Amino acid sequence: MLNGFNLKLLTAHDSFWLIHQFLLTATEMQHFLLYFGLPLLKGILDDDHFHHLALLTTGLWIFLKNEISKEELALAGEIMRSFCRLMEPLYGNNFSSYNNN
């Protein structure tokens, strides 16, 4: 929930529109996910959705490091699996599919 707004009601088109209204480039999205998202959304997102975002942020941060150990790779993989497992319970079936391009 985002300040009482039910995120489950967003369609894929709405989500795409929101991203492009507030975060216009891939670089800006990356910066939001890695640096600004958690501090800005703390207290706005409920605990479950904030934790879910934190999983994504942490997993991506580890994967994007210049050097990564086998232990960090395993940890990041488990974090991302946890992120994926929580998709359906948090957002429903419509937002739980994978797009492998």
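## A salt bridge on helix H4

Let's start with a charged pair: Glu-78 forms a salt bridge with Arg-81, and their closest N and O atoms sit 3.4 Å apart. Keep in mind that this is a predicted model. Why are these two separated by about one helical turn? Because they are three residues apart in helix H4. As for accessibility, Glu-78 is partly exposed, with a relative accessible area of 37%. Arg-81 is partly exposed too, with a relative accessible area of 44%.

Glu-78 has another partner as well: its side chain meets that of Arg-85 in a salt bridge, at 3.0 Å from N to O. Arg-85 counts as exposed, because its relative accessibility is 52% and the cut-off for exposed is over 50%. Salt bridges with shared partners therefore tie Glu-78, Arg-81 and Arg-85 into one network.

## The other charged pair

How many salt bridges does a search of the whole structure find? The search turns up three. One of them joins the side chains of Lys-65 and Glu-72, at 2.4 Å from N to O. As a rule, side chains of opposite charge can pair when their charged atoms come close.

Are Lys-65 and Glu-72 tucked away or out in the open? Lys-65 has a relative accessible area of 27%, so it is partly exposed. Glu-72 counts as partly exposed as well, at 23% relative accessibility. For both residues, the label follows because partly exposed covers the range between under 20% (buried) and over 50% (exposed).

## The overall layout

Stepping back to the whole chain, its secondary structure comes to four helices and zero strands. Read from the N terminus on, the elements run α-α-α-α. The chain has 101 residues, and buried residues make up 30% of them.

## How H3 sits against H4

Two packed helices are described by the angle between their axes and the distance between the axes. For H3 and H4, the axes come within 9 Å and cross at roughly 150°. That angle makes H3 roughly antiparallel to H4, because angles over 145 degrees count as roughly antiparallel. H3 passes H4 in a left-handed crossing.

What lies in the loop between helix H3 (47-63) and helix H4 (70-91)? One residue to look at there is Ile-68. Ile-68 has a relative accessible area of 35%, so it is partly exposed.

## A nonpolar patch on the surface

Ile-68 also belongs to a nonpolar patch on the surface, alongside Phe-63, Leu-64 and Leu-73. Together, the accessible area of these four residues is about 360 Å². Ile-68 can be part of the patch because its relative accessible area is 35% and patch residues need over 30%.

## How H2 sits against H3

Now for the other helix pair. Helix H2 (residues 26-41) and H3 pack at an angle of about 160°, with their axes 10 Å apart. H2 and H3 are therefore roughly antiparallel to each other. Is their crossing left-handed or right-handed? The crossing of H2 and H3 is left-handed.

Some residues give a feel for this pair. Phe-32 has its place in helix H2, while Thr-57 is found in helix H3. Phe-32 and Thr-57 are 25 residues apart along the chain, and their C-alpha atoms are separated by 9.3 Å. Gln-30 is another residue to check against Thr-57: these two are 27 residues apart along the chain, with 9.5 Å between their C-alpha atoms.

Are Phe-32 and Thr-57 buried or exposed? Phe-32 is buried, with a relative accessible area of 19%. Phe-32 gets that label because buried means under 20%. Thr-57 is buried as well, with a relative accessible area of 7%.

Methods: Residues are numbered from 1 along each chain as its sequence is written. This is a predicted model: local features need pLDDT of at least 70, side-chain atom pairs count only at pLDDT 80 or more; totals for chains, interfaces and linings use all residues. Side-chain values use heavy atoms; hydrogens and water are left out. Patches are made of residues with over 30% relative accessible area and no salt bridge: like charges are joined within 9 Å, nonpolar side chains (Val, Leu, Ile, Met, Phe, Trp, Tyr) within 5 Å. Accessible areas come from the Shrake-Rupley method with a 1.4 Å probe; for residues, only the protein chains shown count as cover. Buried means under 20% relative accessible area, exposed over 50%, partly exposed in between (1.4 Å probe, protein chains only). Axes are lines fitted to C-alpha atoms, for helices over the stretch in contact, and angles run from 0 to 180 degrees between N-to-C directions. Angles under 35 degrees count as roughly parallel, over 145 as roughly antiparallel, 65 to 115 as roughly perpendicular and the rest as oblique. A crossing is left-handed if the near helix is turned anticlockwise from the far one by less than a right angle, and right-handed if clockwise.
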